[in-house]
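Hi,

Here is the structure I said I would pass on. Have a look, and my notes follow underneath.

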Amino acid sequence: MRSRSSGKSENYLCDSPGFLVNRVLFPYLLDAAELFEGGVDAAKIDDALMKWGMPMGPLRLIDEIGIDVTVDIAITLEKAYGPRDRAPEILRRMRESKLLGRKSGGGFYKYEGREQSPNPPPPGTGSAAASESVAKADLAQRLMFLMINEAARCIEEKVVESPEDADYGMILGTGFAPHRGGPLRFAEHFGLKKIVEEMNRLAQSDEKFVPCDILKKHAREGTKFYEP
C-alpha cells in the first residue's frame with residue numbers, strides 16, 4: 001500500500017518491510033498475544049479494543065489472518081526492526097498445535113459455523129494472578145501507544161510524507177476507528193507529552209515502549225504532527 005497526497009512532492013516514499021499497514025499494525029497485534037500469554041483473558045483484551053472503537057479485537061483479527069501467517073509476517077518484520085516485532089512464544093506453540101485461527105476451527109476462539117466462543121488457554125499461559133496488574137491497566141491505551149509509536153517512526157523515516165497519509169492509510173487498511181482520526185490524530189488529541197510520559201513508564205519494564213525520537217521531540221518542544 002502506498003499513500004500519496006495530492007499537490008505534494010512524491011519523493012518522500014521509501015520502501016521498507018511491511019511498508020505502512022503491517023508495520024504499524026503488528027506491534028499492536030503481537031503485544032495483545034503477549035498479554036494473552038501472560039494470562040489476560042482474550043475476551044477482555046478484544047472487548048477493550050472494540051469499546052475503544054476498533055471494528056474487531058486484536059486476537060480475533062489474528063485468528064482471521066491466521067496464526068501461521070501472523071508468525072511468518074512477524075519473522076520478516078523482526079529481521080528488519082528487531083524485538084518489537086518478535087512473535088511471542090504463544091503464537092509459535094499455537095502454530096505447532098495446528099491452532100491456526102478460523103481456518104482450522106480454532107485459535108484464540110473456537111469457531112463453529114457463525115458461532116465463536118473463547119478457546120481455553122493452552123498450557124504455558126500465565127495465571128490470572130500473574131496478569132492482575134496488567135488487567136488493571138487501560139488495555140486499549142497500552143496497545144494504541146505501540147501503533148502510535150510505529151506510525152510516528154514511519155513519518156520520521158519518510159516511509160510516508162505526512163501524518164494524513166499515515167492516519168488515512170490505517171483507517172482504510174485496518175478499519176482503525178475513524179472517529180479517532182487515525183493513530184497520529186488520536187495521539188495529538190490524547191496529548192503527545194502525556195503519551196511520552198506513559199510510554200516511558202511502560203518502557204521501564206518493556207523496552208518496546210521506548211518512544212521514538214520524533215515523539216520525544218514533539219513532546220519536548222510542544223509541537224505537533226498536524227501543524228496549524
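A residue counts as buried here when its relative accessible area is under 20%. By that cut-off C212 is buried, because its relative accessibility is 5%. C154 is buried too, with a relative accessible area of 0%. Bear in mind that this is a predicted model.

Since we are on cysteines: how many disulfides does the structure hold? Zero. A disulfide is a covalent bond between the sulfur atoms of two cysteines. For C212, the closest cysteine sulfur is the one in C154, and at 9.5 Å it is too far for a bond. The cut-off for a disulfide is 2.5 Å between the sulfurs.

Now to K208, which is where I spent my time. It sits in the loop between α10 (192-203) and α11 (213-221). Is K208 buried or exposed? Buried, because its relative accessible area is 13%, and the cut-off is under 20%.

What does K208 touch, once its neighbours within four places in sequence are set aside? The contacts are D31, E34, R84, L146 and N149. With E34 there is also a polar contact, side chain to side chain, at 3.1 Å. R84 is 124 residues from K208 in sequence, yet the two C-alpha atoms are 5.2 Å apart in space.

K208 also turns up in the cavity list. The structure has one cavity of 30 Å³ or more, and the largest cavity holds about 40 Å³ of space. Its lining is made up of P27, R84, L146, N149, E150, R153 and K208. Helix α7 (residues 139-156) gives the most to that lining, with four residues. By class, the cavity lining has four charged residues, two nonpolar and one polar.

Then there is the largest pocket, with a volume of about 240 Å³. It is lined by 13 residues, and those closest to its centre are P83, R84, D206, E207 and K208. Here helix α1 (residues 21-37) gives the most to the lining, with three residues. The pocket lining has eight charged residues and five nonpolar ones, with no polar residues.

If you open just one spot, I would start at K208 and R84: both line the largest cavity, and both are among the residues closest to the centre of the largest pocket.

Cheers

Definitions and conventions: Residues numbered from 1 in each chain as written. Predicted model: local features only at pLDDT ≥ 70, side-chain atom pairs only at ≥ 80, totals over all residues. Heavy atoms only, no water. Helix = DSSP H or I, 4+ residues; strand = E, 2+ residues; numbered from the N terminus. Buried < 20%, exposed > 50% of the residue type's maximum accessible area, 1.4 Å probe, protein only. Contact = heavy atoms within 4.5 Å. Polar contact = N/O pair within 3.5 Å; in protein donor to acceptor, adjacent residues only side chain to side chain. 1 Å grid on protein atoms, 1.4 Å probe; cavity = no way out; pocket = protein on both sides within 12 Å on 5 of 7 lines; lining within 4 Å. Points joined across faces, edges and corners; volume = space filled by probe spheres on them. Nonpolar A, V, L, I, M, F, W, Y, C, P; charged D, E, K, R; others polar.
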